Amino acid sequence: MPHAETNTSNDASQPRLRRVLSTRLLYFFILGDVLGAGVYVLVGQVAAASGGAVWVPLLTALLLALLTAASYAELATKYPRAGGASHYATLAFGPVAGFVAGFCMLAAGIVSVAALARGFAGDYLSAFVTLPVALVAVVFLVVLALVNARGVKESTRANVVATLIEVGGLAVVVVLGAWLLLRGDGDLGRLTQLGTPEKGAAAAVLGGSVLAYYSFVGFETSVNVAEETRDPRRAYPRALFGALATAGAVYVLVGLAASAAVPTEVLARSSGPLLEVVHAAGGVPPRLFSAIALVAVANGALLTGIMASRLAYGMARDGLLPAALTRLLPRRRTPWAAIAATTAPALLLALTGSVATLASTLVLLLLVVFLIVNTAVLVLRREDGTPGHFRVPAVLPVLGVASCVLLATQVEAEVWLRTAVVLGVAAALAVVPAVRRRRADRANGAGQDGD
């Protein structure tokens, strides 16, 4: 294979990340990323797309996400190193595909952090204090970068606390929904209502599933910390599937509670749909729930920032980005150069873009990456990888490919156009490392001929 040399790049002469993550910390890392800011705003959009039975597209999205998660579980335990999808694509298809996959993930991660920075500076913060969005975004991203640079162990410990707060907030919604039903103010009939005036039941479920899918895709960030996990062969699958199962159960319960407690049209109009449940039930101060939402936004941004910096570090180590991005802090062994390089464009986007513009292409970018990853699993079956790694039945990656295609057909043409631009830029930039590597190979060949 012309790209087999990639396997040997992981030698002892290169700097190594510290293995500090236990199964528990990794579980909370994944759970915290999946249970991010999305669930606090997406329920209303899912209701608008699919009708009152919000739990159906949420459950459908979970099942579709599990297909691709299975592929990630095999690859992360087979090749436990930073770089994630970029590294897998490089091994399977060569550096050009690796760069495209990595660039899409980087773009999605950076854009997501920028959107969350603006979201943190918006309505939820306004419940406490009114400050310029630009100022809040700058301070927010700088603090985020400093926490990231301090160390993944410290970051994930903070994530454990934040995740418990997020889950607690969602549990409050479930309890309040049940209380509304018990006192006779809810409507269980909405739980079976699928379809909208524009779409039948099947089309509505697919449309809602695309939106709900975004709530589950946080799991892909975790492969970039597999190299910092103790015994990833055992820890990663347990943490991944355990976290997704937990998140799926929480999401379905939240969907049931919100749909039964609040009229569908009210959910669909609201930018804070879970807050509608709090208002309807009473007994919980709205400011308290706003504080929980702020924790969710900050936690999601921190975990996505960790993913983006580790991905940039891994791509640089594979020769797909400048080698300067592999620089680590001497004591902390964290990739400070990659953290700075991913924070800077996020800051620029946060200061110049809107949340809607920044967020609209994320799902499609990730579907492109997931398509590559599911295909890479099958191609890399010819390599042994780490002994005793997790292995999935071949049918699951095939179904994962089909799920990506199915969901992509539900994305609007305008989003496709913006994503095509990103893919075009990625393809153009991929030529640079490909040419550099080809020249290096020719130089090595010429040197050997001259010996």
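## Report on a predicted all-chain model

A search of the whole structure finds 0 disulfides, a disulfide being a pair of cysteine sulfur atoms within 2.5 Å. In general, a disulfide is a covalent bond between the sulfur atoms of two cysteines. Two cysteines can still be placed by their accessibility: Cys 104 is buried, at 0% relative accessibility, and Cys 404 is buried as well, at 3%. Here buried means under 20% relative accessible area, exposed means over 50%, and partly exposed lies in between (1.4 Å probe, protein chains only).

**Source and confidence**

This is a predicted model, in which local features need pLDDT of at least 70 and side-chain atom pairs count only at pLDDT 80 or more, while totals for chains, interfaces and linings use all residues. Residues are numbered from 1 along each chain as its sequence is written, and side-chain values use heavy atoms, with hydrogens and water left out.

The pLDDT is the predictor's confidence in each residue, from 0 to 100. Its average over the protein chain is 82, and 87% of the residues score at least 70. Over residues 1–13 the pLDDT is below 50, and this stretch has 24 contacts in the model beyond near neighbours in sequence. A contact means heavy atoms within 4.5 Å. Where pLDDT is low, the predicted coordinates should not be read in detail.

**Helices and overall build**

The protein chain has 18 helices and 0 strands. Helices (H or I, at least four residues) and strands (E, at least two) are DSSP runs, numbered from the N terminus. Among the elements, helix H15 (residues 355–359) has the lowest mean pLDDT, 63, and helix H17 (residues 395–408) has the highest, 94.

Of the 451 residues, 55% count as buried. Among contacts between residues at least 6 apart in sequence, 86% join residues at least 24 apart.

In helix H12 (residues 273–281), the buried residues include Pro 273, Leu 274, Leu 275 and Val 277. Just after H12, Gly 282 takes a positive phi of about 75°.

**The nonpolar core**

A nonpolar core is a set of buried Ala, Val, Leu, Ile, Met, Phe, Trp, Tyr and Cys residues joined through side-chain atoms within 4.5 Å. The largest one has 134 residues, and among the members that touch the most others are Tyr 72, Phe 219, Leu 274 and Phe 370. Helix H13 (residues 286–317) gives this core its largest share, 17 residues. Leaving aside neighbours within four places in sequence, Tyr 72 is in contact with residues including Phe 219, Glu 220, Tyr 236 and Phe 370.

**Salt bridges**

Side chains of opposite charge can pair when their charged atoms come close. A salt bridge is a side-chain nitrogen of Lys or Arg within 4 Å of a carboxyl oxygen of Asp or Glu. By this rule the count comes to 3.

| Pair | Closest N and O atoms |
|---|---|
| Glu 74 and Arg 381 | 2.8 Å |
| Arg 183 and Asp 185 | 2.5 Å |
| Arg 190 and Asp 187 | 3.7 Å |

The pair of Glu 74 and Arg 381 links distant parts of the chain, 307 residues apart: Glu 74 lies in helix H3 (residues 55–78), and Arg 381 lies in the loop between helix H16 (362–379) and H17. Glu 74 is buried, at 0% relative accessibility. Arg 183 is partly exposed at 34%, and Asp 185 is partly exposed at 46%. Arg 190 is buried, with a relative accessible area of 11%, whereas Asp 187 is partly exposed at 33%.
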